[in-house]
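Here is a friendly walk through some local features of the model shown below. Keep the structure open beside the text and follow along.

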Amino acid sequence: MFYLRGCGRWVAASFTKQQFPLVRLSSDSAAPRTPHFDVIVIGGGHAGTEAATAAARCGSRTLLLTHRVDTIGQMSCNPSFGGIGKGHLMREVDALDGLCSRICDQSGVHYKVLNRRKGPAVWGLRAQIDRKLYKQNMQKEILNTPLLTVQEGAVEDLILTEPEPEHTGKCRVSGVVLVDGSTVYAESVILTTGTFLRGMIVIGLEMHPAGRLGDQPSIGLAQTLEKLGFVVGRLKTGTPPRIAKDSINFSILNKQTPDNPSVPFSFTNETVWIKPEDQLPCYLTHTNPRVDEIVLKNLHLNSHVKETTRGPRYCPSIESKVLRFPNRLHQVWLEPEGMDSDLIYPQGLSMTLPAELQEKMITCIRGLEKAKVIQPGYGVQYDYLDPRQITPSLETHLVQRLFFAGQINGTTGYEEAAAQTESCPVARLECSDMISQVQAILLPQPSVAGTAGMHYNTQGVIAGINASLRVSRKPPFVVSRTEGYIGVLIDDLTTLGTSEPYRMFTSRVEFRLSLRPDNADIRLTLRGYKDAGCVSQQRYERACWMKSSLEEGISVLKSIEFSSSKWKNLIPEVSISTSRSLPVRALDVLKYEEVDMDSLAKAVPEPLKKYTKCRELAERLKIEATYESVLFHQLQEIKGVQQDEALQLPKDIDYLTIRDVSLSHEVREKLHFSRPQTIGAASRIPGVTPAAIINLLRFVKTTQQRQAAMNESPKTDQCLRNADRLQERQL
C-alpha cells in the first residue's frame, strides 16, 4: 500500500495494468487500518453534502471531510437555486431523494417559475434563498443523517494500492492522508474540491493563494492528481459587490413579486414554508452608457481581460459584457440575501475593478445613485480536471474507486453569480491590505469556494450513489440522455469535455418534451429505489401512487367521449369547433388552454371529480394531455437512441493498438482519451466520424458473435459427448 508523498525517497511502483508514473511513494504496509469507512467525501460544499448523504442513504458508512463544519451549507455567491434548465436538475435530484430541493422549500424568500409564457416542458423553478436559514437547515440535515460522520480536516494526499484486475485503471484509491499526517481508509473516495485545487483569490494585480477567503488552497492534492496523469486545466469565476439595502431607492425601480401560489421544488412538499404575501420582492434596473465609459476607460487596470483562463460564457462579468456587447443596456436584478439581511445582491454586476471604481460605477445606475458598497466584487481562479477522464458513473478512468463531482469537472456555480472574472487591479492598493478588508467583511458570509449550482448537486448525488454501489460491487447507476437532464449533463461532460465552465440549458436536451420538471419522479424515483437503494420507502410509495393515478386518469379521460356541440354546452368557454363530426375525448378537450381538470370535473363530475382533490395530480394530468400527441413521436426517437446506447463497447479495449477495426490515428486518440462506454456515446465525441462509428459497430457485433460462439462451444461439446454415450448404450 502506498501514498503519494512520503519519506523523502522516490520509487517507481509496478502495477499489473500499466506502469505507474514516477512519483514520490512511501510504503504504508504497517499502517493501522482504522479508522475505516466505506466512502470518504472530500469537501463540504453543495456537491459534497449531496454525495455524502446519497452514499449514506445507500447504506454506506460515510465520512465527510470539510475544512470547517460551520461552513456546511454556505451559499457563496447568489443566494438562489434553480432557473431555466437548473430547475429541471433540482427536480431530478429531489426525485433521487437529494437534499437541496427540500432545504430550499424550507429556506426561500422569493419563489418564481420562469418561462411561464412557454410550455411546461421548459418552465424553470427558481427561488431566492435566505443564506442563514439555508445554512441552518442544511447543517441540521447533515449532522443528523444516519451512517454519516462529519470531520474537520484538510486532505493532502491519496493512499493508493494495486488495481483490481477486472477493472480498468493504473491503481486503486484506498484512503486519504490528512495535512497532520493521519490516514483514513475507505473503499471509495469522492473529490468535491470546488475552487480549492490551487485556488487563487484575485484582487488587483496581486494573487492570494486561497481556496476561499480565510482557507488555504489544496496544493498537495492538486500535485498528486497531476502526477497520476490527470489532464488539468484552469478556470475562473467571480462575484459582484454587495450593497446596503437602505441605500437603494427601490421606489423608482421595476418591482418583481413572487408567484401566488408558490410552487415547491420537492415532490414531497405541497407548499413552501412561507406564504406569498410574506415573501420579499426583487427589483430590476439597467446599466447605461456611463457604466460602459467607466469600464472602457479602465481597461488598463483589468488584467484578466488579457488572460487565457476561461470564465463562464453565459454569466460574464460586466467588463466582459461591455466588451462583447457594446452600446447595450444590461439587466441588473437587485435580490435580497435573507429575511433579516441588510445586503442586496446585484445579479448581473460581477466585476473586479478597483474598489473605488466599483462604487463609482454602481452609483451611475438608476436607483443606486446613493448606494453604499459593503463588500467589493472579486475573482477566484482554480484547477479543474478534464471531465473526459471520468465515466458516466463519475468514476475516473485512471484511478479505480476515485470519483469526481462538482467544479472539479468544469461545471459552473450559481448561474446568476459565477460570472467570468475579468479581474482588475485595485488601483495600486497593497494586496494584503485589500485582502484583510475583504476578509473582515466576508468571513461571516459564504465564500466562493462553496459555490455550487445545480450542476454540483446533480453530480454529487450521482457520485455518492455510485461510490456506494462500487463498495458493494453492484452495477453503476447511470442516467442516460433519454432519462433526464442529469444524463445530458454528465454525457456532455464525459464525451465532449469543456474548456469553460459548463452550464445547463433546456436547448442542450434533445427530448425535453419528455424530460419535464413535473415527471422527474416517474422517470427517476422508481429506478433510484430499485437500482440504487437511495430512495426512501415513503418517497417510493408516493411516486408509485402518482404513476398509477396518472395512468388511471389518462385512461379515464380517453374513455369519455362526447360530440363537440355537447362539449361546447358543458364548457361554454372552450373554443372547440362545433362542426367536428367525430366524437371528442375528454383528454382532447383538456388540451385547450382555457380548460383544466376543475372545469372538466364540473362538466362530468363522475368519474372525474376525484382527480381534482390533489392539486398536483390535476396539474400533471393537464400537462400530460398537452403533450400527448407529440410525445408519441418523441418516444419513437427515444427508442432509437436507446438501441445505440444498448450497444456496449468493451471496457478493456485498447484503441491505440487494436487491429480488428479500421480507425484513423486521430479517432483512436479521441476514443482512448474519452473511453466511451457505448456506441451512442462514441458518436457524440467531436472528430469521431460516421465511418469510424460504423467500423466500431461492426467490431462490437463481431466481438459479441465470437463471445457467443465461445460460450456455446462447451455446451455443444457436452451435447456431442452425451450423444456418443447414448449411442454406445443403444448398441
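P261 is placed in the loop between β18 and β19; helices (H or I, at least four residues) and strands (E, at least two) are DSSP runs, numbered from the N terminus. The peptide bond leading into P261 from N260 is cis, with omega near 5°. A second cis bond runs from E606 to P607, with omega near 15°, and P607 belongs to helix α17 (residues 605-608).

Before going on, please note that this is a predicted model, where local features need pLDDT of at least 70 and side-chain atom pairs count only at pLDDT 80 or more, while totals for chains, interfaces and linings use all residues. Residues are numbered from 1 along each chain as its sequence is written, and side-chain values use heavy atoms, with hydrogens and water left out.

**Backbone with positive phi**

Most residues other than glycine have a negative phi, and most peptide bonds are trans. Two residues are worth a look here, and the table gives their phi values.

| Residue | Phi | Citation of place |
|---|---|---|
| L147 | about 70° | loop between α4 (131-142) and β10 (148-152) |
| N327 | about 60° | loop between α7 (318-324) and β20 (331-336) |

How exposed are they? Accessibility is sorted into buried (under 20% relative accessible area), exposed (over 50%) and partly exposed in between, using a 1.4 Å probe and protein chains only. L147 has 44% relative accessibility and so counts as partly exposed, whereas N327 is exposed, with a relative accessible area of 76%.**The sheet around β18 and β19**

The loop that holds P261 joins two strands of an open sheet. This sheet has six strands in the order β18-β19-β20-β21-β17-β22, and the pairing is antiparallel; two strands pair if DSSP finds at least two bridges between them. At its edges are β18 and β22 (373-375), each of which pairs on one side only. From one strand to the next, the twist averages 35°, where axes are lines fitted to C-alpha atoms, for helices over the stretch in contact, and angles run from 0 to 180 degrees between N-to-C directions. β18 and β19 run antiparallel and are joined by three bridges. Within this pair of strands, N254 stands opposite L284 of β19.

**Rings and charges**

How many aromatic pairs does a search of the whole structure find? The search finds five, counting rings of Phe, Tyr and Trp (its six-membered ring) with centres within 6.5 Å, where planes under 30 degrees apart are stacked, over 60 edge-to-face and the rest tilted. One of them joins F250 and Y283: the ring centres are 4.6 Å apart and the planes stand at 40°, so the pair is tilted. Since F250 lies in the loop between β17 (242-244) and β18 (254-256) and Y283 in strand β19 (residues 282-286), the pair ties together parts that are 33 residues apart in sequence. F250 and Y283 are both buried. F562 and W567 form another tilted aromatic pair, with 5.0 Å from centre to centre and 55° between the planes. W567 has 0% relative accessibility and so counts as buried.

Two arginines also meet aromatic rings. A charge sits over a ring if NZ of Lys or CZ of Arg is within 6 Å of the ring centre and within 35 degrees of the ring normal. The charged end of R91 sits over the ring of F267, 4.6 Å from the centre, and R508 lies over the face of Y502, at 4.3 Å from the ring centre.

**β5 and its partners**

Is strand β5 (residues 36-42) mostly covered or mostly open? β5 is mostly covered, with six of its seven residues buried. Strand β13 (residues 183-191) pairs with β5 in the parallel sense over six bridges, and here I42 has L191 as its bridge partner. β5 also pairs in the parallel sense with strand β6 (residues 62-66), over four bridges, with I40 standing opposite L63. Between β5 and β6 the chain passes through helix α1 (residues 46-57), making a β-α-β crossover that is right-handed (with the strands pointing away from the viewer, the path from the first strand over the helix to the second runs clockwise).

**A three-stranded sheet**

Another open sheet has three strands in the order β7-β9-β8, with antiparallel pairing. β7 (80-82) and β8 (108-114) are at the edges with a single partner strand each, so one side of each is left without a neighbour in the sheet. On average, neighbouring strands of this sheet are turned by 15° against each other, direction ignored. β8 runs antiparallel to strand β9 (residues 124-129), and six bridges join them; L114 stands opposite G124 of β9. Helix α2 (residues 86-95) lies across β7 and β9, at about 80° to β7, with contact meaning heavy atoms within 4.5 Å.
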